[in-house]
Every structure is written in structure tokens, then in C-alpha cells.
Amino acid sequence: MEYLREVLTQQVAGYDQLPEVLQIFLPMLLACLLCLGLVALVPLVAIWGERKVSAHMQDRLGPMRVGGWHGWAQTIADGVKLLLKEDIIPAQADRLLFKLAPLVVFAGGFAAFVVLPFGERFIVSDLNIGVLYIAAISSLGVVGIIMAGWASNNKYALFGGMRAAAQIVSYEIPTVLAILTVVIPVGSLSMQEIVKAQSGGVFNWFIFEPVTFLAFWVVFLGTLAEVNRTPFDIPEAESELVAGYHTEYSGMRFAFFFLAEYANMFLVSALATTLFLGGWHGPGFLPGPVWFILKAVALVFVQMWLRWTLPRLRVDQLMHVSWKVLLPISFILVLAAGTLALWREGAP
Amino acid sequence: MQVEAYAGEEMVLNMGPQHPSTHGVLRLELETDGEIVRKVIPHIGYLHRCFEKHAENIDYPGVIPFCDRMDYIASMNNSLGYALAVEKLMGLEVNERVKTLRVLMAELNRVASHLLSIGTYAMDIGSFTPFLHCFREREKVLDLFEWLCGARLLYNYNWVGGVSHDIPEGFEAKTREFVTQFEPVIAELDKLLSYNKIFLERTADVGIISEEQALSHNVTGPNLRGSGIGWDLRKEEPYCGYETYDFEVPVGLGEHGPLGSCWDRYYVRVREMEQSLGLIRQALERLPEGDVHEHIPRRVRPAKSEVYDRTETPRGELGYYLVSDGGLIPFRVKVKSPCFTVLSLLPAIAKGGMVADIIAIIGSIDIVMGEIDR
Amino acid sequence: MKQASEILQTLQEQFPDQILKSSQECLQPFVVVAPAAVAEICAFLKNDPGLAFDTLMCLSGVDYKGSKTEPERLEVVYHLFSMRDRHKMVLKVELPREDAALPTVETVWAIANWHEREVYDMYGIHFDGHSDLRRILCPDDWVDYPLRKDYVQPQTYRGMPAAAEKQFAERAQEGEDLGTDPYRAG
């Protein structure tokens, strides 16, 4: 945001003469719009990408017609279709919660984009508690999901909502613990600080250190579960719960859930990139933001790859993975990271 | 909202008749306690067309298209059973070419049917890609059938005393080509799905059918063999000259959990496809010359008698009980559907499992509602 | 494996009064037994170590009304098979068309539960002692038993038309204008 303000001050004539309120407010608005654009654009590309990825894994072509080149406009066409569809609210639904739920889910994903460090200066707000903020705000989604499941007044939706709540809360714990292994050596919760700690060549990335390497996998699995992707997609397990918490949703409200899912996929990939893959660092022939997005997209691809390869776990097995496997591992990792940090401090 | 509604601990969940994984229009009433299923009550009949009443109002050959529509996934096998029963009633013997063609088509159809079963099972467990891989292969078999008799699903191929069409020129070569390219796909399927850790976790300890239960509920076909009983009518009561072919009967071994689990049943189907490919090869090799219409009677009019005849379809033993009063139309046609008998076991094996297990069990017993409801 | 004659002999020794008729000349030999004794006989057939009929292949109902050769009656047919010894047996029970009832065999073979429900659904034969004798294929409130030979299909079911619609040709013959179609030209 500081960067935006600088650009505006330097490039836009007469910006200094504006009232001070506007001087502060305009960059905020611009940053918001940019974020919103990103949140809207990322799913568009990701959904098309997922369709193509899955299609080629399954010996199909996927969308080929809309827009000409490899059906690139398919998602846009689908979005327009969803916008034009009739808005149906079940008669027995809790109308207020039913309408509110998709917005809450979407807002959770959207708000987290604020602290993503796309580049050295491309960050809306470098909060000094950035990591904590992401962990907190992205949990807003689960509230929305439970709202959706409850308000639909549908047993499948309720099942989906309950499963989602249990799953997301369970996986949040090992994930956040594993993130701590990065925070401990850096000594800061700021996203930029974490990225800066990984400067100076590829091998300074946290993924190449033993403790944080293991933490990376814990975070990857945990976040995969938090965004309800296969093999952890039990809240919307189509073969069991029809569509889980969004069974009763259609039209644009459904699209919000859909967009939020892909926005969240990108979000958790970006988080993992920031924490373990050196963020915007990369060889100099490409600018930082490009590296950042490339790395995040690569992780998104892995998520898709898993989805189109693996079957789905059962509820109890899912809980087993979280509480009996990931949680102990992450505790050990935190201990190891702390000991390592102390030892390094003590060493001459 | 009433308070009484929340007094009980259990929630009744109505699964189906419109549900992605009930394989048609099966409706299950589940009494659930959280994720645990306390009780399952299947409700069938949503696809009931009263096949048996139809059959009592139409002449013997006219019943064959109706047979096709019972188990629409394996029509060739369904009409074969009926044709054989009528032939037995009439004391009709068909020539070798017809027998070989029937075996060939039955086995091709078995492959197609098992592919569908395996593919949809993968989807039930949450894996989408094997489903499309299986359908890609199934499509090739359907193309062959289309070339053979013009239909892709409901063939009306096995007639009383013969078959509707002789194979077209080049059919043998194409079928050989399919068999050759399909064999490696099974190995690929093993890698992608059968031995996948998650897939094993989900299926290898679920839905155990014991030997005793299987016999008492007259479970047949791959479901019975999954419980470790090597019973196959093609071996035990051969028809169409199956005794002259060389093939094995795969049974469940309980390699990855208790014997008779969902995985065992699933894997019996995979192995059966291999055996079917062998049978197709042998049938193609020996295909004798002959006229496929040679023994088709001008008028099907069996003497007063009755017969219960059963054949091995991809889903198990399909029995036809025919009663003739000497007229042109059957007096009674009763169908014993293999899916019907295995579905009656569902409440017993699904009790105490989780909601997700119900899906795994229904997928593994491979039911077709068209046959259950008739 | 036992021949039909041996099985028949064993049965006749065990239940001399209950075996009403038997035939070995037809395609598949059968025994007609008294309705009241069917459960007992089935239990014997299953549990006798020499016979061991462990599976019930099929259980069907037949309505002989209107048959040119048989007297009018209802029949329940049991096709038994021993998977251990591989012999077969057909058991028949003849019943009057009114108030037909016989004991259930569901405790002998579990599958009989569903088969008997189906026979009840289609023929209205009552199985005494059955644990859950409901209609299975037709809706619970369906009237009459469809597979009886004198069944008349209702015109409506819960206000919905249930009878088959007239075929195209039939409608054309009645002079209905069906647009451009082959029946119109003639």
C-alpha cells in the first residue's frame, strides 16, 4: 500500500493537493479493488486449469470451444450462466443465514489476500502478525460452511457442515504448529520478514532445512484438508453427501462457494510459498511477483494432481491422520525448531 | 419446530432414490447416530415395470428385448439365459458356431459390465480418474457391439435357436486388437486404484460377507467368490460349451483384510476380466463355420412343461423359471435376479458401519436396479 | 450328488403323509407337499446331513387360472440346490386361489424373506410367521395383486393416470389428427 501511495504521489499530478482523508483512502480503495480483481481472476484461471488438467489426466480434452483457444473462456461462460440462473432458496431454509453463508465463506478467503507478499513492495499491508492473521481470517470460512449446512435445512448439507467443522478445526492445529517452526527461527510473524529471511539463494529457502522440510509437508497436508480437497474432500463428498454443505445452493450463491474454494486453494499455496519456498525470491531474470505466482501455481497444480489421482478418506481415517499422525509430528517439529534456535543462539 | 423432533438420538437419513451413489433408484432409509449407521432399510421397486406380466402377454421370442432391459449393463448375458431356458424347454440344440458366438459376446459383455462396475466403484470411493479410464475401454466394447448388431446397450442378439446376426467381416481382427491393447490397462488399473493405500483403507475392512451369510442369502457371482467360495456356473454347470474352454475362477483371498470384504469382491471382478479376455481369445481361435440362423424355429411353441435354468451373468446367477402350457406365449416367466438376493443382505452387512461405508458396500455388491425391480 | 429318486424316497420315508404328489418324468422332477408342512420339510431338507440343501435358488408363485391344461389354483414353487452335494430339487405347494396361506421358510434360508415378500406382493399369498410381510416392488397402497391372471389394471393411482396410454396406431385408427405421420395418409 505504501508502494501504491508512492506511485500515486509521484505519477498523479495534484495528488498532494487532495484532502488528507482522500490521500489515505484512495490507495486503500485501489488496493482493495486489486485484491478483489485477483480473487476473482485466480479462480477463473484455476477452474479452467483444473478442467484441463483433469481432462488430460483422464484422456479427454476438456473444454475446447468457448472462446476459441482451448476453451479458455469456458469459466466466464459458466459464470455468466450461474449469474443468470434462478435464485432458489428452499422453503424451509433459514433465509438470512442461507443468504449470508456464501458471503462469509468468500469474505474469509478474500480478506486473507491482504497480507500475501507478491513482491518486495507488492503487498497490501505487511501486518506484523501476518501469519497469525491468515490463520485466523481463513478460519472464517468454516463459520460460513456451518451456516450453509445448517441454514439449508437439508440433512446432507448438515452432515457436510458438521464434517467440515470437525475437519477444519482438527487440521488447523497441526498446520499452525508446523508454521511455528518457520516463525521461531525468523523471530517475526510478518510475511515479509519471513520471505526476507530466506534471501540469498535457493538453498536458504526453508524447505531445504531439515526441520522445516518436514513442516512443509505437514502444512501442505493440513492446508489441503482445510480447503476440502481430495483426499480430504469429505465435507462435499459427492458420492456420499450429494454435494455436502452446498447441496441446496444454486446460481450465484453456489458460484461464491466455488470461487471461494479456488481462491482458498491459491491462498494456501501462496502461504506455503511464502513460508517455505522463498516467497518472491528467485533467479533475477524474472521479477519477484512472477516467481511468487509461479511457485503458488505449481503447488495448486499438485493439489489438482492429487485430486484426480486419489480416492477419498473416510471420516474416522481423516481424524486419525490429523490427531494421531500430524499432530504429534508437528509437536516434535516445534520442539526441534525451538531447540535448534536456542542452540544456534548459544553457539559462538 | 417441535422439541420432540430432537428428543431422539438418531437421525433418519433418506438416501435415494435420487442419489449419486445408489446406482439407479435404490432408496435406503438410514438410521444414523452421527456418522454411524444403526439401521438400514432398503426400499426397492422404483424401477418396477412388471417384466413378468409383460412376458405373460407376448410370444416367446418377443420376451427377449424385455430381458435386455432388466440388467441393461449386461444385456447379452440376460438374453442368453432366457434363450437357453427356452431352448431347454423345447429340447433344441444349436450348432457350434452359435454356441461360440454366444460365449464370445457373453464374455465381451462381461468385460464391459465389470469395467462399468469397477469404474463407478472408484467414483463411489472418490477417485474420478479410473472411472473415465474404464469407460474409455468400455466404449471400445460397445463399438464392437454396435458394429455387430447396431445397438450399443440393448442388443436383442441371442435369439431362441440362434443369434440375430453373424459377425461382420473384420470383426475378429478388431476384437483381437481390443483384447491385446486392453490387457495392459488392467495392470495400469492395479497401479492406479487396486493397491492404492487409501482405496485399501476404505474397502479392505468393510462390508464383510461371511460364507454362511452368502449361502443363506443365496449370494452369487463375484460377490460369492469374493467370500472365498469358488463357485462359477460356467465351471459347475457348463452351458454353451464352456466346459471345453480353459479358464480359471478367481476367488477372494483376503490378502488385505478379512475375507469377503469389499476389496475382495472388487478384485475378483478385476481378475475375472483377465479370464474373460482369455475366453474371448479362445472363442475367436476356434470359431467354427456354420449358419447362425440354422436352428431358429419358425414358431416357438414348447410342449407343456416347466424349467428352471440359470446362467452366470457378470452379477451372478440369473435364473429363469419358465412354465409353458403348450401355447405360443409363456404361461409364467419368473426371474431370479442375482442383485435382488445380494441386496437383501445389505441391512445385515451395513449395520454399524459409517455412512461412507454404505456407499462402499453398495458399490462393491454391484447392483443394477433394472434387474432388481424388473 | 443324489438322484431325484433317492431324495424323493428319503422324503417319503420321513413325511409319508405330507407328500401329496411327485413326478419324475418331466424336465425337472418335483414334489408336491402339503402347505402346512412346508416349513418343516424345508428345515429337514436343509439340515439333513445326507441332503444338505443349503441354498434356495428361487421361490416363485404361479397362478394357474385360465390354464388350458391345469386345474385352477395358486402354486408356490421352491427351487432348492445343495452347493455341497450339487443336487437339485423342486418343491411345490398347491393353494386355493382364495385366502392362500402357508408357513414361511425365512428361518431356513434368509433369502426367502424377500422372495416371499415378492410373492405376497404379486399374488397375495400370505406367509404365516413372516417377520416383515410388506409389499416389496409395488407401492404399499397398491390395490390387488398384479401377477394374478384376473388382475385388472387400475385406471388411476393416487389421481395419476396408471393405465397405458393408447398407442399411436390406435389413436390414428380412432380418427385422431396426429399431424404428419404415416398413419394419417392412409
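Is A:Arg307 buried, exposed or partly exposed, and what is its relative accessibility? In this predicted model, A:Arg307 comes out as partly exposed, because its relative accessibility is 25%. Its side chain meets that of A:Glu50 in a salt bridge, with 3.9 Å from N to O. A:Arg307 sits in helix 12 (residues 288-307) of chain A and A:Glu50 in helix 2 (residues 20-57) of chain A, so this pair ties together parts that are 257 residues apart in sequence. The partner, A:Glu50, is tucked away: it counts as buried because its relative accessibility is just 3%.

That pair has plenty of company, as a search of the whole structure turns up 57 salt bridges over all chains. Side chains of opposite charge can pair when their charged atoms come close. In chain B, B:Arg136 and B:Glu137 form one such bridge, their closest N and O atoms being 2.9 Å apart. B:Arg136 is partly exposed, with a relative accessible area of 24%, whereas B:Glu137 is buried at 1%. Chain C offers another case, with C:Glu72 and C:Lys65 joined in a salt bridge whose closest N and O atoms are 3.9 Å apart. Here C:Glu72 is exposed, its relative accessible area being 52%, and C:Lys65 is partly exposed at 28% relative accessibility.

Salt bridges also link up into a network in chain B. Its members are B:Glu107, B:Arg110, B:Arg225, B:Asp232, B:Arg234, B:Glu272 and B:Glu312.

Charge shows up on the surface as well. B:Arg298, B:Arg299 and B:Arg301 team up with C:Lys68 to make a positive surface patch. Within this group, B:Arg298 belongs to the loop that runs between helix 11 (262-286) and strand 6 (305-313) of chain B. With 88% relative accessibility, B:Arg298 counts as exposed.

What about the cysteines? The search of the whole structure finds zero disulfides over all chains. Take B:Cys149: its sulfur is 15 Å from the closest cysteine sulfur, which belongs to B:Cys67, and that is too far for a bond. B:Cys149 is also buried, with a relative accessible area of 15%. C:Cys138 is likewise in no disulfide, and its nearest cysteine sulfur, that of B:Cys50, is 6.5 Å away. A disulfide would need the two sulfur atoms within 2.5 Å. At 8% relative accessibility, C:Cys138 counts as buried.

Terms used
Residues numbered from 1 in each chain as written. Chains lettered and ligands numbered in written order. Predicted model: local features only at pLDDT ≥ 70, side-chain atom pairs only at ≥ 80, totals over all residues. Heavy atoms only, no water. Patch = residues over 30% accessible without salt bridge, like charges linked within 9 Å, V, L, I, M, F, W, Y side chains within 5 Å. Areas by Shrake-Rupley, 256 points an atom, 1.4 Å probe, with all protein chains shown as cover. Salt bridge = Lys/Arg side-chain N within 4 Å of Asp/Glu carboxyl O. Lys, Arg positive; Asp, Glu negative; His and termini not counted. Charge placed at Lys NZ, Arg CZ, Asp CG, Glu CD. Helix = DSSP H or I, 4+ residues; strand = E, 2+ residues; numbered from the N terminus. Buried < 20%, exposed > 50% of the residue type's maximum accessible area, 1.4 Å probe, protein only.
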